[in-house]
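Welcome, and please have your viewer ready. We will go from one selection to the next, with a short note on what to look for at each stop.

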Amino acid sequence: MIASGTTFRDVIYCSLVVFIFREYCFVNMLELIAQGKTAEHRWRRLQLQDLPFVVGRTSEDWSIGWDEKISRRHARMRLTDSVLRIEKIPEAANPIFYRGTEEESFSINPGEHFVIGDTTFLLTDNSAFATLEMPSPISQRAFSTEYLRQIRYRDADHRIDILNRLPEVISSSNNELVLHEQMVNLLLSGIRSATAVAICRQHDGGEMEVVKWDQRNLKGGDFQPCARLIQQSLERRESTLHMWRESDVACDFTVDLLNDWAFVCPLSGPSSKGWVIYVAGVNRSLNVAGEIESEDIDLQGEVKFTELIGATLANLRRVQHLEQRQSTFRPFFSPVVMEAFVDRDPEEVLLPRQCEISVLFCDLRGFSAKSEQMSDQLADLLDRVSQALGIMTKSVLDFGGVIGDFHGDSAMGFWGWPLPQSDAVVRACRAALAIRSAFAAAE
């Protein structure tokens, strides 16, 4: 239906916008999967339109550290119009094989792959998104942490082998993307009956986001975690398991018809609010009545193992967020205030409130006249201003103050917030004297 007053040109324009938006989203859903000889030697990375990147053993986010046959910098790649262009770097030692033939440069479409050394690279357009269109489970269980602690693993040796890789995962995860990817790989390696694993997040508005996911089958289809199951687990604050009969899972609900169970483990802590781990897989022993028999013991072990990985992920996220906050606040807050952020929520510490503070304003005398004199020496002028502001900042922080503002050649510091200071006036005066002494020594 077209509203009155809408012209044909408007309709064409709106259709064009929708088309462009859909095409943009499609391009950004393309991912490159790298798979080595073993299950843990794997990553899955989103491809961005027209942004070149280099794949190699030491290529930051595109590193293939597990394959010695791949050079430090082996191939340049760029995605354009849903086509990935690959070009071998001349210095790379080993060839790139595409369709069984050694190639120096070539292009691939979604669904195609190429090989370097012992690693296969596949371009895929599969996606993962939470959906409410899932059938009602024939069985549902919720597991408390206390209950899972009593569960004994059937294959404890295998679990220990996987958990022994945690220190390496932590040390090699230099950003959140790599950390999430490594945790998903650990879960796929540790849960043999799992077909897919996802780290999901429910935002404050209720919308569900699949942050990171992967599936065991390299050429598997789309993955659709059940939003209802995620919501129930978050509301209960407990790990929750759903089981379906294979015949109940219609093609409209999921592309992978083999999945007949899924469980969700919520992450704990303020840094991971709304975050969950979603695992789906196959339980061949599920009977027609949906009764959970002996195989449920294995599933409880899988839930327990996932909770352990989830607890590690939540703690690592907490540490990363704390480090990010401290690096953000460090230039403006004294060490005393930074220490308060360790044990207390920064949002609570920095909450606006009425309090008594002492304020120090300081700027450079005669700066306007000096600026006019040095109009042809701006680099030197900016360097002198930077040094002066550095002296002011250091003195304010050394005496427990907070940097409130910079404005041209001036700085403002204050004491008494966010932490109360009974000697705020004395601290402000000492900082002022220290600034004056530093400038006098520099003359």
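Start by selecting residues 176-190, which make up helix α5. Its 15 residues reach 21 Å from the first C-alpha to the last, close to the 21 Å expected at 1.5 Å a residue; the expected span is 1.5 Å times one less than the number of residues. Helices here (H or I, at least four residues) and strands (E, at least two) are DSSP runs, numbered from the N terminus. Show the surroundings of α5 as well: 13 of its 15 residues are buried, so the helix is largely enclosed by the rest of the structure. Buried means under 20% relative accessible area, exposed means over 50%, and partly exposed lies in between (1.4 Å probe, protein chains only).

Before moving on, a word on what is on your screen. This is a predicted model, in which local features need pLDDT of at least 70, side-chain atom pairs count only at pLDDT 80 or more, and totals for chains, interfaces and linings use all residues. Residues are numbered from 1 along each chain as its sequence is written, and side-chain values use heavy atoms, with hydrogens and water left out.

**Colour by confidence**

Now colour the whole protein by pLDDT, the predictor's confidence in each residue, from 0 to 100. The average is 78, and 79% of the residues score at least 70. Where is confidence lowest, and where is it highest? The lowest mean, 37, belongs to helix α1 (residues 8-28), and the highest, 95, to strand β6 (residues 96-98). Over residues 1-28 the pLDDT is below 50, and this stretch has 13 contacts in the model beyond near neighbours in sequence. A contact means heavy atoms within 4.5 Å. Select residues 247-257 too: pLDDT stays under 50 there, and the model has 21 contacts beyond four places in sequence for them.

**Zoom out**

With everything shown, you have 12 helices and 19 strands. Of the 443 residues, 43% count as buried. Among contacts between residues at least 6 apart in sequence, 60% join residues at least 24 apart. Turn on the surface, and you are looking at about 24,400 Å² of exposed area, 53% of it supplied by carbon and sulfur atoms. These areas come from the Shrake-Rupley method with a 1.4 Å probe; for residues, only the protein chains shown count as cover.

**Strand β12 and its partners**

Next, select residues 194-202, strand β12, where 8 of the 9 residues are buried. Add strand β16 (residues 275-281), which runs antiparallel to β12 and is joined to it by 7 bridges. Two strands pair if DSSP finds at least two bridges between them. Which residue of β16 is the bridge partner of Arg-201? Look for Trp-275.

Then add strand β13 (residues 208-215), which pairs with β12 in the antiparallel sense, also over 7 bridges. Here Ala-196 of β12 has Gln-215 as its bridge partner. β12 and β13 form a hairpin with 5 residues between them, and Gly-206 in the turn has a positive phi of about 100 degrees.

**Helix α6 against the strands**

Keep those strands visible and select helix α6 (residues 227-236), whose buried residues are Ala-227, Leu-229, Ile-230, Ser-233 and Leu-234. Viewed down the axis of α6, they fall within an arc of 160 degrees, so they line one face of the helix; the arc is that of the directions from the helix axis to the C-beta atoms. These buried residues pack against β12, β13, β14 (239-243), β15 (261-266) and β16.

Step just past α6 to Arg-237, in the loop between α6 and β14. Its phi is near 60 degrees, a positive value in a residue other than glycine. Arg-237 is exposed, with a relative accessible area of 76%.

**Two more loops and a last helix**

Arg-99, in the loop between β6 and β7 (101-103), also has a positive phi, of about 55 degrees, although it is not a glycine. At 65% relative accessibility, Arg-99 counts as exposed.

Now go to Pro-418, in the loop between β19 (410-415) and α12. A cis peptide bond joins Trp-417 and Pro-418, with omega at about 5 degrees.

Finish with helix α12 (residues 424-442), where Ala-424, Ala-428, Ala-431 and Ile-435 are buried. Down the axis of α12, its buried residues fall within an arc of 60 degrees, so they line one face of the helix. Rotate to the face turned away from that buried side to find the exposed residues Val-425, Leu-433, Arg-436 and Ala-441.
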